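Thanks for asking me to look this one over. My notes follow as numbered points, so you can check each against the coordinates as you go.

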Amino acid sequence: MSVLDALWEDRDVRFDLSSQQMKTRPGEVLIDCLDSIEDTKGNNGDRAVGYNCILNITTRTANSKLRGQTEALYILTKCNSTRFEFIFTNLVPGSPRLFTSVMAVHRAYETSKMYRDFKLRSALIQNKQLRLLPQEHVYDKINGVWNLSSDQGNLGTFFITNVRIVWHANMNDSFNVSIPYLQIRSIKIRDSKFGLALVIESSQQSGGYVLGFKIDPVEKLQESVKEINSLHKVYSASPIFGVDYEMEEKPQPLEALTVEQIQDDVEIDSDDHTDAFVAYFADGNKQQDREPVFSEELGLAIEKLKDGFTLQGLWEVMS
């Protein structure tokens, strides 16, 4: 059985889920969790909407039960020839997270289908080398592998990675096939009119293809089948779906930002110098104006200066 046969989370729309169905499956990652989201169109109960079922996501004005006329997220889906429309409203005013999170992750899902879908004649090869996906690593590259899809066979190159199996014809790079482990139903050695061959059967969802490859010598064939089965087993336990998205950096907690205060190794000069500007700016205890006195320096009456201050000192502050 392929991993895909047991996978429903991204390919189904389900209502009233059990507690077991609400849990994340191996390979699935919780990216964001939003509270205070209203299912504006539906009733109470849990919903699960697979990204592969989504036809369109948009934002429009909706009539929320709790907020009245407000911006809402509209999701149009199709599952087993039945269409569903969902309307979700964020009850937190002014928060765009509902829109940005869902739309961004859906884009990441749509642009990573090479991890999950069976592909024929795709842009897989560049300069005779496999164009690797993020998180993908090549474990083996086998030259001189025959694709037995035609009567005479086609000679090409075989790649075994941690995500998929890829073959391309040596004479024409565009004649190729990419088989993700997610889509592989069985891997066996069978006898054919060309001798012993590697036979890979794909899942029913991908079309139920049966592909044969001739690898010589037989020892290399057996070694390759063992390696593919091992990688398929590892992948099944922890699939790589290819949806790579991270939320913007969240504020660090106060404890992480607090640093220990360092005592400077300095001596404080305790002379009697007075800052006139500070004294007047922060004269908080002044209840009323001081008595006026005649200033011979200015030739007019001024408010009596505080003890320790001079007109010359005040002019120096202002200049």
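Of the contacts in the protein chain with a separation of 6 or more, what percentage comes from residues 24 or more positions apart? The answer is 55%. Please keep in mind throughout that this is a predicted model.

1. Overall make-up. The protein chain has five helices and 18 strands. Its length is 319 residues, and 36% of them count as buried. The exposed surface of the protein chain comes to about 20500 Å², with carbon and sulfur atoms supplying 50% of that area.

2. The eight-stranded sheet. One open sheet is built from eight strands in the order S7-S13-S12-S11-S10-S16-S15-S14, with antiparallel pairing. Its edge strands are S7 (119-120) and S14 (184-192), each of which pairs on one side only. Helix H2 (residues 218-237) packs on this sheet and touches S10, S11, S12 (164-169), S14 and S15. The direction of H2 makes about 165 degrees with that of S14. As a general reminder, strands of a sheet pair through backbone hydrogen bonds, either parallel or antiparallel.

3. Strand S10 and its two partners. On one side, S10 (residues 138-147) runs antiparallel to S11 (residues 154-161), and eight bridges join them. Within that pairing, isoleucine 142 stands opposite phenylalanine 158 of S11. The S10 and S11 hairpin has six residues between its strands, and glycine 153 takes a positive phi there, near 80 degrees. S10 also pairs with S16 (residues 210-214), again in the antiparallel sense, over two bridges. Here asparagine 147 has phenylalanine 213 of S16 as its bridge partner.

4. The S14 end of the sheet. S14 and S15 (residues 195-202) run antiparallel and are joined by eight bridges. If you want a register check, look at arginine 190, which stands opposite alanine 197 in S15.

5. The four-stranded sheet. A second place to look is an open sheet of four strands, ordered S2-S6-S5-S4 and paired antiparallel. S2 (37-39) and S4 (54-64) are the edge strands, each pairing on one side only. With direction ignored, neighbouring strands of this sheet are turned by 30 degrees against each other on average. S5 (residues 68-79) pairs with S6 in the antiparallel sense over seven bridges, and cysteine 79 has threonine 82 of S6 as its bridge partner.

6. Aromatic rings. A search of the whole structure turns up ten aromatic pairs. Why does the pair of phenylalanine 15 and phenylalanine 86 count as stacked? Their ring centres are 6.0 Å apart and their planes lie at 25 degrees, so the pair is stacked; the cut-off for that label is planes under 30 degrees apart. This pair links distant parts of the chain, since phenylalanine 15 is in S1 (residues 13-15) and phenylalanine 86 is in S6 (residues 82-90), 71 residues apart. Phenylalanine 15 counts as partly exposed at 36% relative accessibility, whereas phenylalanine 86 counts as buried at 5%. Ring pairs link Phe15, Phe84, Phe86 and Phe88 into a cluster.

7. Serine 101. This residue is found in helix H1 (residues 97-110). Is serine 101 buried or exposed? Its relative accessible area is 7%, so serine 101 is buried. The side chain of serine 101 makes a polar contact with the side chain of aspartate 32, at 2.8 Å.

8. A cis peptide bond. Where aspartate 216 joins proline 217, the peptide bond is cis, with omega near -5 degrees. Proline 217 has its place in the loop between S16 and H2.

9. Positive phi outside glycine. Aspartate 16 is not a glycine, yet its phi is positive at about 50 degrees. Aspartate 16 lies in the loop between S1 and S2 and counts as exposed, at 57% relative accessibility. Asparagine 127, also not a glycine, has a positive phi of about 55 degrees. Asparagine 127 is found in the loop between S8 (125-126) and S9 (129-130). With a relative accessibility of 69%, asparagine 127 counts as exposed.

Definitions and conventions:
Residues are numbered from 1 along each chain as its sequence is written. This is a predicted model: local features need pLDDT of at least 70, side-chain atom pairs count only at pLDDT 80 or more; totals for chains, interfaces and linings use all residues. Side-chain values use heavy atoms; hydrogens and water are left out. Two strands pair if DSSP finds at least two bridges between them. Buried means under 20% relative accessible area, exposed over 50%, partly exposed in between (1.4 Å probe, protein chains only). Contact means heavy atoms within 4.5 Å. Accessible areas come from the Shrake-Rupley method with a 1.4 Å probe; for residues, only the protein chains shown count as cover. A polar contact is a pair of N or O atoms within 3.5 Å; within protein, one must be able to donate a hydrogen and the other to accept it, and residues adjacent in sequence count only if both atoms are side-chain atoms. Axes are lines fitted to C-alpha atoms, for helices over the stretch in contact, and angles run from 0 to 180 degrees between N-to-C directions. Rings of Phe, Tyr and Trp (its six-membered ring) pair if their centres lie within 6.5 Å; planes under 30 degrees apart count as stacked, over 60 as edge-to-face and the rest as tilted.
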